[in-house]
Amino acid sequence: MDVVIKIFVALHIIGIAALLGGFLAQMKSLRTGEGRMTPGMLHGAFTMLATGIILVGLNQADGGDLNHIKIGIKTAVLVVILGLVYVKRDEEKVPSGLLGAVAGLTTFNIFLATIWT
Ligand code: HEM
Ligand code: HEM
């Protein structure tokens, strides 16, 4: 079970790479307001949700005790991220502030995950 949890933590991190990487790769277009919500960002956000839920299940099955308040906040933040990326997925360009919000919220969740143990 332990190794399965570790594999899903790794997949969880690959999800972050796709979500945040989509933003980082477009930093230059932010100045001209020509950034967009790329498919990779959407897939990353979905990956976060799927692997996150699976990780909660695996930890429960393993008898581990998770910080449920932390998980709740992370889920709420991700729902906002997913909403933004999903709704704007077909737009040729989105306001840079929206892309910044996605990146900021993702970063917030990363620090929440690592600092609040
Ligand atoms: C059910 C599973 C998935 C399907 C059916 C799928 C499908 C696709 C398709 C069709 C594209 C091309 C979109 C386009 O350029 O118009 C794409 C791009 C991409 N996908 Fe996925 N994908 C899946 C899962 C994932 C996962 C798990 C990741 C990583 C966590 C991922 C990351 C990416 C990335 C980085 C791109 C590059 C496109 C970009 O961001 O501009 N995908 N995928
Ligand atoms: C953008 C959204 C998210 C980010 C950036 C994120 C980030 C992280 C990171 C960096 C870790 C590894 C460090 C650690 O173990 O604490 C982690 C673990 C974990 N995440 Fe997430 N996460 C997100 C969303 C979610 C969601 C929505 C859920 C649940 C539905 C979730 C559940 C978990 C669980 C269960 C673990 C491993 C257990 C543990 O904390 O020891 N995550 N997350």
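These legends accompany close-up views of a predicted model.

**View 1. The shell around ligand 1.**
Seven positions are shown: I14, A18, T38, P39, G40, H43 and T47 surround ligand 1. By class, 3 of the shell residues are nonpolar and 4 are polar. Charged residues are absent from this shell. Two helices, α1 (2–24) and α3 (39–61), each supply at least two of its residues. The largest share comes from α3, which gives 4 residues.

**View 2. Polar atoms facing ligand 1.**
Oxygen and nitrogen atoms of the ligand are paired here with protein atoms. At G40, a polar backbone atom lies 2.7 Å from an oxygen atom of ligand 1. At T38, the partner belongs to the side chain: an N or O atom there is 3.4 Å from an oxygen atom of the ligand. At H43, an N or O atom of the side chain is 2.7 Å from a nitrogen atom of ligand 1.

**View 3. The iron atom of ligand 1.**
The view centres on H43, a residue of helix α3. Its ND1 atom is 2.1 Å from the iron atom of ligand 1. H43 is the only protein donor to this iron. The helix that carries H43 is also the one that gives the most residues to the ligand shell.

**View 4. The largest pocket.**
The space in this pocket is about 660 Å³. Four helices each give two or more residues to its lining: α1, α3, α4 (68–87) and α5 (96–115). In total, 25 residues line the pocket. Nearest its centre are H12, M48, L55, K74 and A113.

**View 5. Make-up of the pocket lining.**
The lining of the largest pocket contains 15 nonpolar residues. A further 8 are polar, and 2 are charged. Helix α3 gives the most to this lining, with 7 residues. α3 likewise gives the most to the shell around ligand 1, there with 4 residues.

**View 6. A salt bridge within helix α1.**
The side chains of D2 and K6 form a salt bridge, with 3.4 Å from N to O. Both residues belong to helix α1 and are 4 residues apart, so about one helical turn separates them. The structure holds 2 salt bridges, of which the D2–K6 pair is one. Helix α1 also appears in the earlier views: α1 supplies at least two residues of the shell around ligand 1, and two or more of the lining of the largest pocket.

Technical notes:
Residues numbered from 1 in each chain as written. Chains lettered and ligands numbered in written order. Predicted model: local features only at pLDDT ≥ 70, side-chain atom pairs only at ≥ 80, totals over all residues. Heavy atoms only, no water. Near = heavy atom within 4 Å. Polar contact = N/O pair within 3.5 Å; in protein donor to acceptor, adjacent residues only side chain to side chain. Nonpolar A, V, L, I, M, F, W, Y, C, P; charged D, E, K, R; others polar. Donors = N, O, S within 2.8 Å, 3.2 Å for Na, K, Ca; no water. 1 Å grid on protein atoms, 1.4 Å probe; cavity = no way out; pocket = protein on both sides within 12 Å on 5 of 7 lines; lining within 4 Å. Points joined across faces, edges and corners; volume = space filled by probe spheres on them. Salt bridge = Lys/Arg side-chain N within 4 Å of Asp/Glu carboxyl O.
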